[in-house]
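Colleague: Could you take me through one part of this model slowly? I'd like a close look at the strands and at what surrounds them.

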Amino acid sequence: AGMAQAPSRRCELLGIVLEAAPTLEVSSFSAEFQRVVEAMLILCNAHLMCNRLGELVCLAALPGRTAYLYATSLSADVRTASIAQALHRAVASDESEGEPVATAAAIGRFLCHARKRAAAVAHLS
């Protein structure tokens, strides 16, 4: 009989950046958008189920700015509707014209979040 291993205390963090290009009409009611969000939700739930200490951060890359759509540290409830509504609100409130999509800024924001989270986990260990 093999020995049972102690569960890992390692926190796995998954980051997702949704790019909302200015030429795309993003509607939280469109069937295509819902399929994208549902596929992302399946990935998110699989990540959280496979990693008890797993965390999740979803960011939107918008023209000239970024927005948090979901972060495990902000909410324990992952739902398609809440992510879709957050993206719809972020796109609807966009007033920047002609600015490039802030994909690099969204990735940077995620990396800052990951670094802060790693420092907090290291401090607790």
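Modeller: Happy to; what follows is a walk along the strands, then into the core, and finally to a salt bridge and the cysteines. Please keep in mind that this is a predicted model.

Let's start with strand S2, residues 55-62. S2 has strand partners in both S1 and S3: with S1 the pairing is parallel, over seven bridges, and with S3 it is antiparallel, over six bridges. Ala60 is a handy place to see both. Leu18 stands opposite Ala60, and in S3 the bridge partner of Ala60 is Ala67. S2 and S3 form a hairpin with two residues between the strands, where Gly64 takes a positive phi near 75°.

The neighbours of S2 are covered in their own ways. In S1, residues 13-19, Leu14, Ile16 and Leu18 make up a covered face, while Leu13, Gly15, Val17 and Glu19 make up an uncovered one. S3, residues 65-71, is mostly covered, with five of its seven residues buried.

From here we can step into the largest nonpolar core, which has 20 residues; Ile16, Met40, Leu56, Cys58 and Leu69 are the ones that touch the most other members. Two or more residues each come from S1, S2 and S3, and also from helix H1 (31-50) and helix H2 (80-92). H2 gives the most, with five residues. Cys58 shows nicely how these pieces meet: apart from its neighbours within four places in sequence, Cys58 is in contact with Ile16, Met40, Cys44, Ala67, Tyr68, Leu69 and Tyr70.

Back at S2, there is a charged residue to look at as well. Glu55 forms a salt bridge with Arg117, and their closest N and O atoms are 2.2 Å apart. This pair links distant parts of the chain, since Arg117 sits in helix H3 (residues 103-124) and Glu55 in S2, 62 residues apart. The two ends are covered to unlike degrees: Glu55 has 9% relative accessibility and so counts as buried, whereas Arg117, at 25%, counts as partly exposed. The count for the structure comes to one salt bridge.

Since you work at the bench, a word on the cysteines. A disulfide is a covalent bond between the sulfur atoms of two cysteines. A search of the whole structure finds zero of them. Away from Cys58 and the core, Cys50 counts as exposed because its relative accessibility is 64%, and Cys112 counts as partly exposed because its value is 42%.

Technical notes. Residues are numbered from 1 along each chain as its sequence is written. This is a predicted model: local features need pLDDT of at least 70, side-chain atom pairs count only at pLDDT 80 or more; totals for chains, interfaces and linings use all residues. Side-chain values use heavy atoms; hydrogens and water are left out. A disulfide is a pair of cysteine sulfur atoms within 2.5 Å. Buried means under 20% relative accessible area, exposed over 50%, partly exposed in between (1.4 Å probe, protein chains only). Helices (H or I, at least four residues) and strands (E, at least two) are DSSP runs, numbered from the N terminus. Two strands pair if DSSP finds at least two bridges between them. A salt bridge is a side-chain nitrogen of Lys or Arg within 4 Å of a carboxyl oxygen of Asp or Glu. A nonpolar core is a set of buried Ala, Val, Leu, Ile, Met, Phe, Trp, Tyr and Cys residues joined through side-chain atoms within 4.5 Å. Contact means heavy atoms within 4.5 Å.
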